[in-house]
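User: Please take a close look at the surroundings of the ligand in this structure, and then place that part within the rest of the chain.

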Amino acid sequence: GLQCGIVGLPNVGKSTLFSAISSAKAEAANYPFCTIEPNVGVVEVPDERLRTLEQLVNPQKVIPTIIEFVDIAGLVKGASQGAGLGNKFLANIREVDAIIHVIRCFDDDNIVHVEGRVNPVSDKEIIDYELQLKDLEAVDRKLQRIEKAARASGDAKAKAEVEILYRFKKTLEQGKSARTVEVSEEEKSAVADLHLLTIKPVIYVANVDEASLSQGTNEWVEQLKTAVAEENAQVIVICAAIEAQIAEIEDLDERQMFLEEYGLKESGLSQLIQASYALLNLITYFTAGVKEVRAWTIQRGWKAPQAAGVIHSDFERGFIRAEVIKLADYDHYKSEAAIKDAGKMAVEGKEYVVQDGDIMHFRFNV
Ligand code: GDP
């Protein structure tokens, strides 16, 4: 499945956040393909549309889609040179699809700050720097490998690749992350084989204390927001300690009351899950039958057969056609029969690009 890696300096609240994720974990039986490891938390993605479908279809079971979070502990200053868990840690980051960077924005004299004082901007830069150094090494290595031959060959494509690599090199040397380099999707292929760490999309989680949570911000959060403004990245304000408590409340009404005490509509974890899903450019389609109503995750832009393959590889191989209903039509006509009668059920072929929220029924040969 798709994974988000949780990173940050020691003592910023990563484990606390991860324990909230672990308590919120999805019903494992529904997701047999998921990784079961102590540092991986699998959570359901909240989706209002599932509730609408549930009311319309009245199924035996409702299965949301999921996202995985990996707790990546052990990053310290000097990690790129092997300090702490250094290289093991960096290898873990290489495998994830997106990065959740937790940053300490709370003051607590009892909890040691590894750098001696709370300073979110410098904390962020310490982590970035380690990752950027690793990326710079990778870019340099590739340049050494290909530059001479590219110039000698006179091949325009090879020369262009070298030029793109230099753009990444320059940015990284300026202490900026690879994700800030402006390149087209096509140009990105010059670095695709390097699996750069800082090219992965990122969300910043500002971990604040209880008082700041009610305010929605504090001076450190503001500093952080200013610092990341040009990265176009989201900053989510949470209080990890509170999240861990919320996740333990099973009764939904009780949980809602607890949230309201802090002036929140939804938990920080729920915001984080939804933001991560959006960050990965994922969309959801649904299948809806009396046995189960279920959400499925695909990448935006996937065509119907590929989307069907998420359910089963046979669906992709033997794909014939897809019947597609829009949720709004389902909500309006209330039953599949009525939708068909109204001519609102589309029959689509292999080239159909699945849209977010589509309700799909696949026809296939076995
Ligand atoms: P990690 O090293 O990043 O995994 O950090 P931990 O989750 O272990 O947190 C370090 C310490 O900070 C623990 O004692 C936590 O209880 C505490 N802590 C975490 N989040 C908060 C918070 O929001 N407010 C306060 N006051 N303490 C927190």
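Analyst: Helix H1 contributes the most to the shell around the ligand, giving three residues. The model examined here is predicted. The shell holds 16 residues, of which Gly13, Lys14, Ser15, Thr16 and Ala240 come nearest to the ligand. Two elements give two or more residues to this shell, namely helix H1 (14-23) and helix H9 (240-248). Sorted by class, the residues around the ligand are seven nonpolar, six polar and three charged.

The domains provide the wider setting. The assignment for the protein chain lists domain 1 (3-46 + 65-113 + 201-279), domain 2 (130-192) and domain 3 (301-364). The centres of domain 1 and domain 2, taken over C-alpha atoms, are separated by 31 Å. Contact between these two domains involves six residues of domain 1 and five residues of domain 2. On the side of domain 1 that touches domain 2, four residues are nonpolar, one is polar and one is charged.

The interior of the model may be considered next. Its largest nonpolar core comprises 69 residues, and Ile6, Val205 and Ala206 have the most contacts inside it. This core lies between domain 1 and domain 2, because both of them give residues to it. Ala206 illustrates how such contacts bring together separate parts of the sequence: leaving aside neighbours within four places in sequence, Ala206 is in contact with Ile103, Cys105, Pro120, Val221, Leu224, Val235 and Val237. Another core, of 23 residues, lies apart from the largest one, and its members include Leu50, Val293, Phe315 and Met360.

Val293 leads to a further residue, Lys61. The C-alpha atoms of Lys61 and Val293 are separated by 6.4 Å, although the two residues are 232 residues apart along the chain. Lys61 belongs to strand E3, which covers residues 61-63. Once neighbours within four places in sequence are left aside, Lys61 is in contact with Lys291 and Glu292. Lys61 counts as partly exposed because it has 13 C-beta neighbours inside 10 Å, whereas a buried residue would need 20 or more.

In summary, the shell around the ligand draws two or more residues from each of helices H1 and H9, the largest core lies between domain 1 and domain 2, and the core that includes Val293 lies apart from it.

Terms used: Residues are numbered from 1 along each chain as its sequence is written. This is a predicted model: local features need pLDDT of at least 70, side-chain atom pairs count only at pLDDT 80 or more; totals for chains, interfaces and linings use all residues. A residue is near a molecule or strand if its C-beta atom, placed from the backbone, lies within 6 Å of it. Helices (H or I, at least four residues) and strands (E, at least two) are DSSP runs, numbered from the N terminus. Ala, Val, Leu, Ile, Met, Phe, Trp, Tyr, Cys and Pro count as nonpolar, Asp, Glu, Lys and Arg as charged, and the others, Gly among them, as polar. A nonpolar core is a set of buried Ala, Val, Leu, Ile, Met, Phe, Trp, Tyr and Cys residues joined through C-beta atoms within 7 Å. A residue is buried if 20 or more other C-beta atoms lie within 10 Å of its own, exposed if 12 or fewer, and partly exposed in between; C-beta atoms are placed from the backbone. Domain bounds come from an automatic or database domain assignment. Two residues are in contact if their C-beta atoms, placed from the backbone, lie within 7 Å.
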